[in-house]
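Please look through the sequence and the structure shown here before reading on. The report that follows walks through a few parts of the fold, one after another.

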Amino acid sequence: MAGGRLRGGGRGDHMAGMDADTPDLDFTDAELRRYSRHILLAEVGAVGQAKLRAARVLVVGAGGLGSPLALYLAAAGVGTIGLVDHDTLELSNLQRQVAHVTARIGRNKAESAAETLAALNPEVKVEIHPRRMDAEAAHELIPRYDIICDGTDNFATRFLLGDACHLLGRPLVSAAVLRFEGQLSVFRGHEAGTNPCHRCLHPEAPPEGLVPTCSEAGVLGAVTGVMGTLQATEVLKLILGIGEGLSGRLLLWDALDARFRTVRLKRDPACALCGEAATIHDLSAHAEAPALVCAAP
Ligand SMILES: [Zn+2]
């Protein structure tokens, strides 16, 4: 199936709870207490909380970005959270991957993070995918979720997710960190309008070895915490339909300078993925790509 042409598959099936005019507002007393600080917000309220409960979010990479991201999504009451990670927990992960604990070294990271999320909020359902995010996994998993989050640190997986989310019609919330810097954007190029896709920003992956990974160049642990938390915030905004999203903008943060800035991203008419003469119609280019997930993000 990896080489087959893709179609934007039935987004409505999975967005039912999010699009419904009258979501299920039947909350238990415990849920009302747990989410009371959300429900107090006029922009969230009981209807927004019901939208969060109905939402399905896929977190790719249970590492430095995926840890705070998944923790905040679970705490917020996002009803179903999928976790993809084939890697096992190492001692060097714990400086930033806060969904894990020392006693779980050697365990699969999706399983370890799921245990922490369940302890934090037993009301949410966590779906564990202890597998590599390759073209086959993308075909299988992405259509089952409303929003996809990239928390990986290698270009093979980043480009796979960028192409797959565009072709399968899902928004991609993508963050990256290195050393003392982070960046974040939301890609919705599959939707009508002027939203750029991932390849409008990065047409091609850089040659292997040109851009260092966290395991080569290092990263301040708290920087991944900030970026993963910003990523969670954008996911919650998307589900709730509030605020101004980051689609068409790239947020950049330099922790050493303590400065945030955003730059405009434009749709590229010549883009190979979303342009008028697009040449990428499937994931066949990723079929053989080694989608190694860096242990560092
Ligand atoms: Zn594009």
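How many bridges join β2 to strand β3, and do the two strands run parallel or antiparallel? There are 5 bridges between β2 and β3 (residues 125–129), and the two strands run parallel. Everything described here belongs to a predicted model, in which the protein averages a pLDDT of 90 and 89% of the residues score at least 70.

**The parallel strands**

One pair of partners shows how this pairing looks at the level of residues, for the bridge partner of I81 in β3 is V126. To get from β2 to β3, the chain passes through helix α6 (residues 109–120), and this β-α-β crossover is right-handed.

Strand β2 also has a partner in strand β1 (residues 56–60), to which it is joined by 5 bridges, again in the parallel sense. Within this pairing V57 stands opposite I81. The chain crosses from β1 to β2 by way of α5, in another β-α-β crossover that is right-handed. A further pair of partners between these strands is R56, which stands opposite T80 in β2.

Strand β1 in turn pairs with strand β4 (residues 147–150), in the parallel sense and over 4 bridges, and here V59 of β1 stands opposite C149 of β4. The table below gathers the three pairings that were described with their numbers of bridges.

| Strands | Bridges | Sense |
|---|---|---|
| β1 (residues 56–60) and β2 | 5 bridges | parallel |
| β2 and β3 (residues 125–129) | 5 bridges | parallel |
| β1 and β4 (residues 147–150) | 4 bridges | parallel |

**What is covered**

Where does β2 lie with respect to the rest of the structure? Because 5 of the 5 residues of β2 (residues 80–84) are buried, this strand is largely enclosed by the rest of the structure. If its two faces are taken in turn, T80, G82 and V84 lie on one side, while I81 and L83 lie on the other, and all of these residues are buried.

Strand β1 is mostly covered as well, with 5 of its 5 residues buried. From β1, the residues R56, L58 and V60 point one way, whereas V57 and V59 point the other way, and all of them are buried.

Helix α5 (residues 66–76), which the chain passes through between β1 and β2, is mostly covered too, since 9 of its 11 residues are buried. Among the buried residues of α5 are G66, P68, L69, L71 and L73. The helix is followed by G77, whose phi is positive, near 90 degrees.

Another helix, α11 (residues 221–240), contains L240. With a relative accessible area of 9%, L240 falls under the 20% limit and is therefore buried. Although L240 and L52 are 188 residues apart in sequence, their C-alpha atoms are 7.2 Å apart in space. When neighbours within four places in sequence are left aside, L240 is in contact with V44, G48, K51 and L52.

**The zinc site**

Which residues coordinate the zinc ion? The ion is coordinated by the SG atoms of C197, C200, C271 and C274, at 2.2 to 2.3 Å. Along the chain these donors follow the spacing C-x2-C-x70-C-x2-C. The angles among the 4 donor atoms are 95 to 118 degrees, and the site is tetrahedral. For comparison, the ideal angle at a metal with four tetrahedral donors is 109.5 degrees. Of the coordinating residues, C271 and C274 are buried.

**Two loop residues with positive phi**

R179 lies in the loop between β5 (172–178) and β6 (181–187), and its phi is near 55 degrees, a positive value in a residue other than glycine. Since its relative accessibility is 44%, R179 counts as partly exposed.

A258 is found in the loop between β7 (249–254) and β8 (259–264), and it has a positive phi of about 55 degrees although it is not a glycine. Is A258 buried or exposed? Its relative accessibility is 64%, so A258 counts as exposed.

**Where confidence is low**

Two stretches call for caution in reading the model. Over residues 1–18 pLDDT stays under 50, and the model has 44 contacts beyond four places in sequence for this stretch. Over residues 289–297 pLDDT likewise stays under 50, with 36 contacts beyond four places in sequence.

Conventions:
Residues are numbered from 1 along each chain as its sequence is written. This is a predicted model: local features need pLDDT of at least 70, side-chain atom pairs count only at pLDDT 80 or more; totals for chains, interfaces and linings use all residues. Side-chain values use heavy atoms; hydrogens and water are left out. Donors are N, O and S atoms within 2.8 Å of the metal (3.2 Å for Na, K and Ca); water is not among the atoms, so sites may look incomplete. Four donors count as tetrahedral if all angles lie between 85 and 135 degrees; four count as square planar and six as octahedral if opposite donors are over 155 degrees apart and all others between 65 and 115; anything else is irregular. Buried means under 20% relative accessible area, exposed over 50%, partly exposed in between (1.4 Å probe, protein chains only). Two strands pair if DSSP finds at least two bridges between them. A crossover is right-handed if, with the strands pointing away from the viewer, the path from the first strand over the helix to the second runs clockwise. pLDDT is the predictor's confidence in each residue, from 0 to 100. Contact means heavy atoms within 4.5 Å.
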